[in-house]
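Here's a quick tour of a chain, starting with the overall fold and moving on to its charged side chains. Have a look at the model before reading on.

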Amino acid sequence: MDITLRIAQHPEADELLGRSPLAALVGMLLDQQVPMEWAFSGPLTIAQRMGGDDLDAHEIAAYDPDAFAELLKAKPAVHRYPGSMAKRVQQLCQYLVDHYDGDAAAVWRGVDSGEEVLKRLNELPGFGKQKAQIFLALLGKRLGVRPRGWRAAAGPYGEEGAYRSAADITGPETLSKVRAHKQALKQEAKRAAAAAADKT
């Protein structure tokens, strides 16, 4: 895997995401409750603070939990909730060590159906259905991993021409479109909640 992504909007961070399957998975894991660029820049920050230019699942899984949390907490913090995210990143890496010998790409390498890749992604710690579908769409749209039925398995995130998630970002313009889509969803949810409250 050596593909240029534009999710972090930071050349070095995006370059790491494109060549490192584990970095891409960790970026996806961090992508909640913070801007996407912040989340997907996290893998590079973690790698640099560990003294390298890539992430290693064995090394992260074996790292002292308190020390690893401090790595993520150091300013600028890797996430709004660095302590809990440090735990999640270690849980993800431990799972990859236990089930895939630490090889993140083995989650999807050689798998012939989108449903099976989605199932495997869904089994990863910290990956619910939505996160798994977005990552499957990212694999298909940006990273050239296209098992049979991947678009259908990715649900709405697999649609061509959609601007719903990290899978659809190719630069600042598409980032703005994805952000606008997310804002619209939030407004819709607020209106629905207000309408429900009015009925009670």
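## Fold and charges

Reading along the sequence of this predicted model, you get the pattern α-α-α-α-α-α-α-α-α-α. The radius of gyration is 17 Å, close to the 16 Å from the globule rule for 200 residues, so the chain is as compact as a globular protein of that length. In total there are 10 helices and 0 strands. The C-alpha trace spans about 50 × 40 × 35 Å along its principal axes, and 48% of the 200 residues are buried.

On to the charges: the structure holds 12 salt bridges. Here are some of them:

| Pair | Closest N to O distance |
|---|---|
| K73 and E70 | 4.0 Å |
| K119 and E123 | 3.1 Å |
| D168 and K141 | 2.5 Å |

K73 and E70 sit 3 residues apart in helix 5, so about one helical turn separates them. K73 is partly exposed at 39% relative accessibility, and E70 is partly exposed at 49%. K119 counts as partly exposed at 44%, as does E123 at 36%.

Then there's D168 with K141. D168 lies in the loop between helix 9 (150–153) and helix 10 (172–199), while K141 is in helix 8 (residues 129–142), so their salt bridge ties together parts 27 residues apart in sequence. D168 counts as buried because its relative accessibility is just 3%, and K141 is buried at 15%. Elsewhere, salt bridges with shared partners link E15, R19 and D54 into one network.

Finally, R80, K182, K186 and K190 form a positive surface patch. R80 belongs to the loop between helix 5 (65–73) and helix 6 (82–100), and is partly exposed at 48% relative accessibility.

Note on methods:
Residues numbered from 1 in each chain as written. Predicted model: local features only at pLDDT ≥ 70, side-chain atom pairs only at ≥ 80, totals over all residues. Heavy atoms only, no water. Patch = residues over 30% accessible without salt bridge, like charges linked within 9 Å, V, L, I, M, F, W, Y side chains within 5 Å. Areas by Shrake-Rupley, 256 points an atom, 1.4 Å probe, with all protein chains shown as cover. Salt bridge = Lys/Arg side-chain N within 4 Å of Asp/Glu carboxyl O. Lys, Arg positive; Asp, Glu negative; His and termini not counted. Charge placed at Lys NZ, Arg CZ, Asp CG, Glu CD. Helix = DSSP H or I, 4+ residues; strand = E, 2+ residues; numbered from the N terminus. Buried < 20%, exposed > 50% of the residue type's maximum accessible area, 1.4 Å probe, protein only. Rg over C-alpha atoms; globule rule 2.2 N^0.38 Å.
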